[in-house]
Amino acid sequence: MSYSLVHKFTLKNVSSLYRDDWGMRGIQSNEFYSQLNDQLRFYVVVYPNGYRDEDKGNLSMFLCYSSDVDLKMSVRCNISIIDGNRNKQYTRGMWSEWRVTGTNDTPLDDQEVFNPKQPAKGYHKYISVSKLRDKSNGYLDRDTLTLCCEVSGKCTWIQYWTTLT
């Protein structure tokens, strides 16, 4: 099954996210899913000032798989900053094949795995905070950051046979 998803979301009052008391907390987007099969669900998590101490000064961003359905999928993901004129201004993409499972921690055929212990893939240093906040770049419109996440690929549902004893 092929799929293609587009999810736009905004972060308002961005300047307030860089106060000292905010720390390194994440902001989660709404969940988005395939119209073909609502079991294929994702969301994005943004850490305005980095996910880890070594990421401080950078915006960290991760695509998270939020379903517990076992599947194998290829994923192409582009995450873009949208300016005030609704144009894509800054895009970073990734592509990978993932074995997705709600229960198994072991990669299949040396592939990366989405699972409860590692449900996200993305960027620890998506863009520097100084570049993001530089008015000449036009990334923030009236203290609002608009992001667009485009996810596409193919997936195969995996069935496991169990024997009752």
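Leaving aside its neighbours within four places in sequence, which residues is Ser-60 in contact with? Keep that question in mind as you open the viewer; we will come to Ser-60 after a look at the whole chain.

**Stop 1: the whole chain**

Start with everything shown as a cartoon. This is a predicted model, and the chain contains one helix and 10 strands. Follow the elements from the N terminus and you will read β-β-β-β-β-β-β-β-β-α-β. Of the 165 residues in the chain, 44% are buried. Switch on a surface if you like: the chain exposes about 9,600 Å², and carbon and sulfur atoms supply 43% of that area. Among contacts between residues at least 6 apart in sequence, 62% join residues at least 24 apart.

**Stop 2: colour by confidence**

Now colour by pLDDT. The chain averages 77, and 71% of the residues score at least 70. Confidence is highest in α1, at a mean of 91, and lowest in strand β8 (residues 112-114), at a mean of 51. Next, select residues 102-111, where the pLDDT is below 50; this stretch has 16 contacts in the model beyond near neighbours in sequence. Then select residues 159-165, where the pLDDT is also below 50 and the stretch has two such contacts.

**Stop 3: Ser-60**

Go to strand β5 and pick Ser-60. With a relative accessible area of 0%, Ser-60 is buried. Show its side chain and look for two polar partners. One is the backbone nitrogen of Tyr-51, which the Ser-60 side chain reaches at 3.0 Å. The other is the backbone oxygen of His-124, reached at 2.5 Å. Here is the reply to our opening question: beyond its neighbours within four places in sequence, Ser-60 is in contact with Val-45, Val-46, Tyr-47, Gly-50, Tyr-51, Asp-55, Tyr-123, His-124 and Lys-125.

**Stop 4: aromatic pairs**

Select the aromatic side chains next. A search of the whole structure finds eight aromatic pairs. Zoom in on Phe-42 and Tyr-65: their ring centres are 5.7 Å apart and their planes are at 65 degrees, so this pair is edge-to-face. Phe-42 sits in strand β4 (residues 41-47) and Tyr-65 in strand β5 (residues 58-65), so you are viewing a link between distant parts of the chain, 23 residues apart. Both residues are buried.

Move on to Tyr-90 and Tyr-126. Their ring centres lie 5.4 Å apart with the planes at 80 degrees, so this pair is edge-to-face. Tyr-90 belongs to strand β7 (residues 88-100) and Tyr-126 to strand β9 (residues 120-128), so the pair ties together parts that are 36 residues apart in sequence. Tyr-90 counts as buried at 16% relative accessibility, and Tyr-126 counts as buried at 1%. Add Tyr-123 and Tyr-139 to your selection: with Tyr-90 and Tyr-126, they form one aromatic cluster.

**Stop 5: the nonpolar cores**

In soluble globular proteins, nonpolar side chains tend to be buried together. Here, the largest nonpolar core has 34 residues. Select Tyr-3, Phe-42, Leu-59, Leu-63, Ile-81, Tyr-126 and Val-151, the residues with the most contacts inside this core. The elements giving two or more residues to the core are β1, β4, β5, β6, β7, β9, α1 (129-133) and β10 (145-157).

Which residues does Tyr-3 touch, not counting those up to four places away in sequence? Among them are Ser-34, Leu-40, Phe-42, Met-73 and Val-75, along with Val-151 and Cys-155. For contrast, select Tyr-43, Val-45, Tyr-47 and Phe-62, which are included in a second, separate core of five residues.

**Stop 6: two loop residues**

Finish in the loops. Asn-13 is in the loop between β1 (2-11) and β2 (27-28). Its phi is near 55 degrees, a positive value in a residue other than glycine.

Your last selection is Arg-86, in the loop between β6 (71-82) and β7. The phi of Arg-86 is near 65 degrees, again a positive value in a residue other than glycine. Is Arg-86 buried or exposed? Arg-86 has a relative accessible area of 75%, so it is exposed.

Notes:
Residues are numbered from 1 along each chain as its sequence is written. Side-chain values use heavy atoms; hydrogens and water are left out. Rings of Phe, Tyr and Trp (its six-membered ring) pair if their centres lie within 6.5 Å; planes under 30 degrees apart count as stacked, over 60 as edge-to-face and the rest as tilted. Helices (H or I, at least four residues) and strands (E, at least two) are DSSP runs, numbered from the N terminus. Buried means under 20% relative accessible area, exposed over 50%, partly exposed in between (1.4 Å probe, protein chains only). Contact means heavy atoms within 4.5 Å. Accessible areas come from the Shrake-Rupley method with a 1.4 Å probe; for residues, only the protein chains shown count as cover. A nonpolar core is a set of buried Ala, Val, Leu, Ile, Met, Phe, Trp, Tyr and Cys residues joined through side-chain atoms within 4.5 Å. A polar contact is a pair of N or O atoms within 3.5 Å; within protein, one must be able to donate a hydrogen and the other to accept it, and residues adjacent in sequence count only if both atoms are side-chain atoms. pLDDT is the predictor's confidence in each residue, from 0 to 100.
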